[in-house]
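The following exercises concern pockets, strand pairing and salt bridges. Each task is followed by a worked solution.

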Amino acid sequence: MTESTFWTEIAAKAKAEQRPFFTMAPMEAVSNTVFRQVVARAAAPDTFFTEFVYAKGITNPNTKFPVHGRLYVSPAEAKMPVVQLWGNEAPDFVTAAAAIKAKGFEAIDLNMGCPDSTVIKNHGGSDLIRHPQWAIDTIAAAKTAGLAVSVKTRLGYSKLDEFREWLPTLLRQDIDVLTVHLRTKQEMSKVPAHLELIDDLIKLRDELAPNTLLQVNGDIPDYQAGLALAKKHPGLDGIMIGRGVFASPFAFEPQPQTHSLAELLELLRFQLDLFDDFASRYDVPRFPSLKRFFKIYARPELGATELRNAMMDAKSTDEVRQILNDSPFTA
């Protein structure tokens, strides 16, 4: 284990409250400072992860995967997020970890599960499942800065049974947290998550690395579902929610509430303001990237289909604000 108390403090707080800890998944073009602040305002998890950050890019701005604003943390954020790194060359993780520590971050997560073809072609994400020595070397390299080190991965690359060799390889590296997306790379998100394997994962962890915290991800829509899953599987430490925040930004709400369309649209206004502030600091993201979020707020079941369609045709945040101002749903 690393000397950092980052994860042990999170786990201890959750355990004292008789619940698993909750995190929001690292999601490309989603989990930057803007949306982290939106979710935190709605209902915050115990901690957040950044977008995917190319390890080499942190100290080499000339890579084809530049960092841009991926490591920007607003002063308004209550806690530094976990930085998720991807790549496969150990020296890059040594320099990246040192730079991340210098920026004030406390924890690193290594991406060994992303199924994106571009990431895999560049020997990152799920490709490490096929090259376990790269995984071993990058974990050791990431630890050199003394920060907390965790790994997020999948059950296997092409076959489900691969987890029986792959996950023990990771557990033997003495990491702080192992997060398992309960599908293989080949399955993407096209099949239901293999919740039936959770007890097998707990058994592996207990046998090989009892001090490593185990977190699962996949088809867990909200806090209540995560709570029920942890109760059903004693020994499970954490719950990671990803796509659930697109169904509701209030996914981490401990006690479910009913939220009006007006309330959701006020949250969208907050995101528009944060987006403009972020865009003034970095040349990314561009306005079209915002459109994926409109469905979170302008929900058909609340009668907002026409409103969402109008926003999808907008060309700027100011146009969206004007559409909202003209809408009968907001004051």
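**Exercise 1. Determine how the residues lining the largest pocket divide into nonpolar, polar and charged, and locate the lining.**

Step 1. The lining divides into twelve nonpolar, ten polar and ten charged residues. Here Ala, Val, Leu, Ile, Met, Phe, Trp, Tyr, Cys and Pro count as nonpolar, Asp, Glu, Lys and Arg as charged, and the others, Gly among them, as polar.

Step 2. A pocket is an open set of points on a 1 Å grid over the protein atoms alone, where a 1.4 Å probe fits, with protein on both sides within 12 Å along at least five of seven lines; a cavity is a set from which that probe cannot get out, and lining residues have an atom within 4 Å of a point. The model is predicted: local features need pLDDT of at least 70 and side-chain atom pairs count only at pLDDT 80 or more, while totals for chains, interfaces and linings use all residues. Residues are numbered from 1 along each chain as its sequence is written, and side-chain values use heavy atoms, with hydrogens and water left out.

Step 3. The largest pocket holds about 770 Å³ of space, a volume being the space filled by probe spheres set on grid points joined across faces, edges and corners. Of its 32 lining residues, Met27, Arg154, His181, Ser189 and Arg243 lie nearest the centre. Strand 5 (148–154) and helix 10 (244–247) are the elements that give two or more residues to this lining; helices (H or I, at least four residues) and strands (E, at least two) are DSSP runs numbered from the N terminus. Strand 5 gives the most, with three residues.

**Exercise 2. Place strand 6 among its neighbours and state whether its residues are buried or exposed.**

Step 1. All five residues of strand 6 (residues 177–181) are buried, that is, under 20% relative accessible area, against over 50% for exposed and in between for partly exposed (1.4 Å probe, protein chains only). Val177, Thr179 and His181 point one way, and Leu178 and Val180 the other way.

Step 2. Strand 6 runs parallel to strand 5, with five bridges joining them; strands pair if DSSP finds at least two bridges between them. Arg154 has His181 as its bridge partner. The chain passes from strand 5 through helix 7 (residues 163–171) to strand 6 in a right-handed β-α-β crossover, meaning that, with the strands pointing away from the viewer, the path from the first strand over the helix to the second runs clockwise.

Step 3. Five bridges also join strand 6 to strand 7 (residues 213–217), again in parallel, and Leu178 stands opposite Leu214. The crossover here goes through helix 8 (residues 198–208) and is right-handed.

**Exercise 3. Find which parts of the chain the salt bridge of Glu89 and Lys56 ties together.**

Step 1. The two side chains meet at 3.4 Å, N to O; a salt bridge requires a side-chain nitrogen of Lys or Arg within 4 Å of a carboxyl oxygen of Asp or Glu.

Step 2. Glu89 lies in the loop between strand 3 (82–86) and helix 4 and Lys56 in helix 3, so the pair ties together parts 33 residues apart in sequence. Glu89 is partly exposed at 39% relative accessibility, as is Lys56 at 23%.

Step 3. Both residues are among those lining the largest cavity, which contains about 40 Å³ of space.
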